[in-house]
Amino acid sequence: MTDEAVMMMALKEAELAGARGEVPVGAALTDASGDLLARAGNRILELRDPTAHAEILVLREAALRLGNERLVDTTLYVTLEPCAMCAGAISLARVARLVFAAADPKGGAVLHGPTFFAQPTCHHRPQVVRLLDQSEAAGTLLKTFFRARRT
């Protein structure tokens with residue numbers, strides 16, 4: 001599968017999360033062959049779990065499915081730049097590639113904030129790819145979600 005095709009799956013998960021009242025962020029994880037291992041959207045409110053970000057849910061599901069906490073040779077697709085917690089989990093899981101769409105200047109930790117993977121204390125740094133052509137769709141989903149809550 002192409003990066004764009006898998007990101008579309010993540011965007012669908014983000015839409016489903018938004019429909020549940022969650023912040024619309026979605027994620028998908030593929031193995032080295034491009035086969036889908038897991039996909040999820042945020043479930044923080046539903047699970048009453050502040051760590052139930054889409055990325056964390058996908059990493060947990062894939063680790064259980066593979067029977068290994070090390071997710072080497074995998075690619076994680078996320079609709080929004082991961083936060084510090086998720087960046088830490090991505091590093092600990094040894095994800096090979098991180099592909100994301102929308103940047104998050106307020107809460108992101110890859111290009112913004114603590115720039116987690118650039119820190120000397122970070123032991124594993126995935127290849128980071130930003131899909132700019134998918135960024136607008138992910139950003140619009142988030143803006144629409146938050147605009148509706150402010151009115």
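**Figure 1. Arg48 in the loop between α2 and α3.** Arg48 sits in the loop that joins α2 (44–47) to α3 (54–66). This is a predicted model, and in it Arg48 has a positive phi of about 50° although it is not a glycine. For background, most residues other than glycine have a negative phi. The side of the story to check on screen is accessibility: Arg48 is exposed, with a relative accessible area of 71%.

**Figure 2. Helix α4 and the residue that follows it.** How much of α4 is covered? Seven of its ten residues are buried, so this helix is mostly covered. The buried residues are Cys86, Ala87, Gly88, Ala89, Ile90, Ser91 and Ala93, and they pack against α3, β3 and β4. Just after α4 comes Arg94, with a positive phi near 65°. Arg94 belongs to the loop between α4 (84–93) and β4 (97–102). Its relative accessible area is 25%, which means that Arg94 counts as partly exposed.

**Figure 3. Helix α5, with a buried face and an exposed one.** Let's start with a quick check of the geometry. At 1.5 Å a residue, the 19 residues of α5 should span 27 Å, and the end C-alpha atoms are indeed 27 Å apart. Which residues of α5 are buried? They are Gln134, Ser135, Ala138, Gly139, Leu142 and Phe145. Viewed down the axis of α5, these buried residues fall within an arc of 135°, so they line one face of the helix. The general rule is helpful here: an α-helix has 3.6 residues a turn, so residues three or four places apart point the same way. On the face of α5 turned away from the buried side you will find the exposed residues Asp133, Glu136, Lys143 and Arg147. The buried residues of α5 pack against α1 (3–19), β3 (75–80), β4 and β5 (127–130).

**Figure 4. The largest pocket and its lining.** The largest pocket holds about 560 Å³ of space. Of the 25 residues that line this pocket, Val23, Leu80, Asp104, Leu142 and Phe146 are the closest to its centre. Which helix gives the largest share of the lining? Helix α5 (residues 132–150) does, with eight residues. For anyone thinking about the chemistry of the lining, its residues divide into twelve nonpolar, six polar and seven charged. Leu142 links this view to the previous one: this residue is among those closest to the pocket centre and is also one of the buried residues of α5.

**Figure 5. Ala28 and Thr30 in strand β1.** Both residues of this view, Ala28 and Thr30, lie in strand β1, which covers residues 26–30. Ala28 is buried, with a relative accessible area of 0%. Leaving aside neighbours within four places in sequence, Ala28 is in contact with Val6, Ala10, Leu36, Ala38, Arg39, Val58, Thr75, Leu76 and Tyr77. A distance to try for yourself is the one between the C-alpha atoms of Ala28 and Met8, which are 20 residues apart along the chain and separated by 9.4 Å. Thr30 is buried too, with a relative accessible area of 3%. With neighbours within four places again left out, the contacts of Thr30 are Val6, Asp35, Leu36, Leu37, Asp73, Thr74, Thr75 and Tyr77. Val6 is among the contacts of Ala28 and also among those of Thr30.

Notes:
Residues numbered from 1 in each chain as written. Predicted model: local features only at pLDDT ≥ 70, side-chain atom pairs only at ≥ 80, totals over all residues. Heavy atoms only, no water. 1 Å grid on protein atoms, 1.4 Å probe; cavity = no way out; pocket = protein on both sides within 12 Å on 5 of 7 lines; lining within 4 Å. Points joined across faces, edges and corners; volume = space filled by probe spheres on them. Helix = DSSP H or I, 4+ residues; strand = E, 2+ residues; numbered from the N terminus. Nonpolar A, V, L, I, M, F, W, Y, C, P; charged D, E, K, R; others polar. Buried < 20%, exposed > 50% of the residue type's maximum accessible area, 1.4 Å probe, protein only. Expected span 1.5 Å × (residues − 1). Arc of directions from axis to C-beta. Contact = heavy atoms within 4.5 Å.
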